[in-house]
Amino acid sequence: MNGGARSCTTPPHNVRNTEMMVHYRFHPWFDQAVHADHVVHHGGEPFVRVRYAVGERQRWMDVPWWMFDPAVCAGMILSTSPVVSMGALQQLRQLLRDIQ
C-alpha cells in the first residue's frame, strides 16, 4: 500500500479539528467521517491523527493519509484472480527473511 501513498497529494497542514471521510474500503471506518486532529509523519509518510472515543475515554489512531484520498482508493478493487507478480512476491519473501 505504500506505493499508493506516494501517488497521493500532499496533505494540508491545517487538518486540525476537521471531519474527514475514510475512502479505503478495507478500513473498519470505511465510508465514515472521522475527527482528524492533525498530520504526523512516520518514516517520511503522512498520517492523520484521528481522535475517537472508547467509552468515556479519548483515544488516538494514526491513519495513513492515502486512505482519505478518493482517487487513490478508487483504484483498489477486489479481484477473483491474483494481481501481484511472482517477482514481487519473491522480493517480499526475501525482505521478510532479511528483517528476521
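Here is a walk through the structure, from the overall fold down to single side chains.

Keep in mind that this is a predicted model. The chain contains three helices and four strands, and going along the sequence they come in the order α-β-β-β-β-α-α. There are 100 residues, of which 30% count as buried. If you take the contacts between residues at least 6 apart in sequence, 37% of them join residues at least 24 apart. On the outside, the chain exposes about 7200 Å², with carbon and sulfur atoms supplying 55% of that area.

Let's start with the charged pairs on the strands. Side chains of opposite charge can pair when their charged atoms come close. The count of salt bridges here is two. One of them joins Asp37 and Arg51, whose closest N and O atoms are 3.9 Å apart. With a cut-off of 4 Å for a salt bridge, that distance of 3.9 Å still qualifies. Asp37 sits in strand E2 and Arg51 in strand E3, so this pair ties together parts of the chain that are 14 residues apart in sequence. The two partners are covered to unlike degrees: Asp37 has a relative accessible area of 8% and is therefore buried, while Arg51, at 27%, counts as partly exposed.

The other salt bridge is formed by Arg49 and Asp62, with 2.7 Å between the closest N and O atoms. Arg49 belongs to strand E3 and Asp62 to strand E4 (residues 57-64), so here the link spans 13 residues of sequence. Arg49 is partly exposed at 25% relative accessible area, and Asp62 is partly exposed too, at 23%.

Asp37 deserves a second look. Besides its salt bridge to Arg51, the Asp37 side chain makes a polar contact of 2.5 Å with the side chain of His38. Leaving out residues up to four places away in sequence, Asp37 touches Val15, Arg16, Asn17, Arg49, Arg51 and Trp60. That list includes Arg49, the residue that is bridged to Asp62, so you can step from one salt bridge to the other through a contact of Asp37.

Now for the aromatic rings, where the count comes to four pairs. One of these is Tyr24 with Phe26, an edge-to-face arrangement with 5.5 Å from centre to centre and 70 degrees between the planes. Tyr24 is buried, at 11% relative accessibility, whereas Phe26 is partly exposed at 45%. Another pair is made by Trp29 and Tyr52: the ring centres are 5.4 Å apart and the planes stand at 65 degrees, so this one is edge-to-face as well. It links distant parts of the chain, since Trp29 is in the loop between strand E1 (18-21) and strand E2 (33-42), and Tyr52 is in strand E3 (residues 45-54), 23 residues apart. Trp29 is buried, with 18% relative accessible area, and Tyr52 is partly exposed at 26%. Tyr24 and Phe26 also belong to an aromatic cluster, which Trp66 completes.

Which loop holds His27? His27 lies in the loop between E1 and E2, and at 11% relative accessibility it counts as buried. Set aside residues up to four places away in sequence, and His27 touches Val22, Met61, Val63 and Met67. Of these, Met67 is 40 residues away in sequence, yet the two C-alpha atoms are 8.2 Å apart in space. His27 also meets Trp29: a polar atom of the His27 side chain lies 3.0 Å from the backbone nitrogen of Trp29. That is the Trp29 whose ring pairs with Tyr52.

Finally, turn to the surface towards the end of the chain. What makes up the nonpolar surface patch of about 810 Å²? Its members are Val83, Val84, Met86, Leu89, Leu92, Leu95, Leu96 and Ile99. One of them, Met86, is found in helix H3, which covers residues 86-99. Met86 counts as exposed, with 58% relative accessibility.

Definitions and conventions. Residues numbered from 1 in each chain as written. Predicted model: local features only at pLDDT ≥ 70, side-chain atom pairs only at ≥ 80, totals over all residues. Heavy atoms only, no water. Phe/Tyr/Trp six-rings, centres within 6.5 Å; stacked < 30°, edge-to-face > 60°. Buried < 20%, exposed > 50% of the residue type's maximum accessible area, 1.4 Å probe, protein only. Helix = DSSP H or I, 4+ residues; strand = E, 2+ residues; numbered from the N terminus. Patch = residues over 30% accessible without salt bridge, like charges linked within 9 Å, V, L, I, M, F, W, Y side chains within 5 Å. Areas by Shrake-Rupley, 256 points an atom, 1.4 Å probe, with all protein chains shown as cover. Salt bridge = Lys/Arg side-chain N within 4 Å of Asp/Glu carboxyl O. Polar contact = N/O pair within 3.5 Å; in protein donor to acceptor, adjacent residues only side chain to side chain. Contact = heavy atoms within 4.5 Å.
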